[in-house]
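Let's take a walk through this structure, one spot at a time. Have the sequence and the 3D view at hand as you read.

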Amino acid sequence: MSPAHPAPAPQSGRLTVVGLGPGAAELMAPAVRAELDAAQDIVGYTTYVELAGPFRPDQRLLDSDNRQELARARLAFDLAAQGRRVVVVSSGDPGVFAMAAAVFEVLEQADDPAWHAVELAILPGISAAQAAAARAGAPLGHDFCVISLSDNLKPWSIIAHRLRHAVDADLVLALYNPRSLARPTQFADALAILRERRAPETPVVLGRDIGRAAESLTVTTLAALQPEQVDMRTVVIVGSSLTRQVARAAGGQWVYTPRWCSQTRATD
């Protein structure tokens, strides 16, 4: 009788977290498209999985509700640990208030060595703030910060504290998750903080669904801005004291923030 041969060890799979960009196919990085095309399983929030297509019939689409981030990350690791090639999709950039952090949260807590053996990669995408800024001109041309106004994962007191310091530092602000049905008043509270410390004529850019069929861009001022103008699909860019407007040839205004400060203007 010939000796028994041991079964081959299972091969670890690959898990890639990708950013789809704002939604338009032409704004998706080629490396992201290639990873999606090579995947066996695509995991993500239903809307983003739909944006990530087209897919082949042999590819599995494992979509779920928007608040299932950790469950999606665990599912993706389970599949990749079986040797499968898995992609987790995020809109915008996966590292900006998105799935990359959730993936690392579950990995840090995991005891399964098979999860830690998975080949893991993060592929960036154009963020909502970048997409809205490009449509408007260059409002992020100087120092800026990005703050989520959602208090689902942090208390409002911390958000308000950070807002005050960012405004006092004269940073351009890109505000994510400004207002929802469950949080109807907090954007008004944020506006009150901004208006205490920033001039009424400060330019404000509202980018909603940029890169998708229903996209809209609004340029207004801090004084004129109303909470009802924004929702969860809007990114709000609030200018600094340096932010300016320039007339567009076709009407409306470009918004940009110069690269220099008044005391240190560059010559290059």
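A good place to start is the surface, where F97, F144 and V146 make up a nonpolar patch with about 260 Å² of accessible area together. Patches here are built from residues with over 30% relative accessible area and no salt bridge, with nonpolar side chains (Val, Leu, Ile, Met, Phe, Trp, Tyr) joined within 5 Å and like charges within 9 Å. A salt bridge means a side-chain nitrogen of Lys or Arg within 4 Å of a carboxyl oxygen of Asp or Glu, and the areas come from the Shrake-Rupley method with a 1.4 Å probe, counting only the protein chains shown as cover for residues.

Keep in mind that this is a predicted model, in which local features need pLDDT of at least 70 and side-chain atom pairs count only at pLDDT 80 or more, while totals for chains, interfaces and linings use all residues. Residues are numbered from 1 along each chain as its sequence is written, and side-chain values use heavy atoms, leaving out hydrogens and water.

V146 sits in strand β7 (residues 144–148). Strands (E, at least two residues) and helices (H or I, at least four) are DSSP runs numbered from the N terminus. Here's how V146 compares with two other residues; buried is under 20% relative accessible area, exposed over 50%, and partly exposed in between (1.4 Å probe, protein chains only).

| Residue | Relative accessibility | Class |
|---|---|---|
| V146 | 34% | partly exposed |
| D112 | 36% | partly exposed |
| T16 | 0% | buried |

T16 belongs to strand β1 (residues 14–19). Its side chain has a polar contact with that of E35, at 3.0 Å. Such a contact is a pair of N or O atoms within 3.5 Å; within protein, one must be able to donate a hydrogen and the other to accept it, and residues adjacent in sequence count only if both atoms are side-chain atoms.

D112 lies in the loop between α4 (99–109) and α5 (113–116). A polar atom of the D112 side chain is 2.8 Å from the backbone nitrogen of A114.

Next comes an open sheet of 3 strands, in the order β6-β13-β12 with mixed pairing. β6 (137–138) and β12 (244–247) are at the edges with a single partner strand each, so one side of each has no neighbour in the sheet. Strands count as paired if DSSP finds at least two bridges between them; β12 and β13 (residues 253–256) run antiparallel, joined by 4 bridges. Q245 is opposite V255 in β13.
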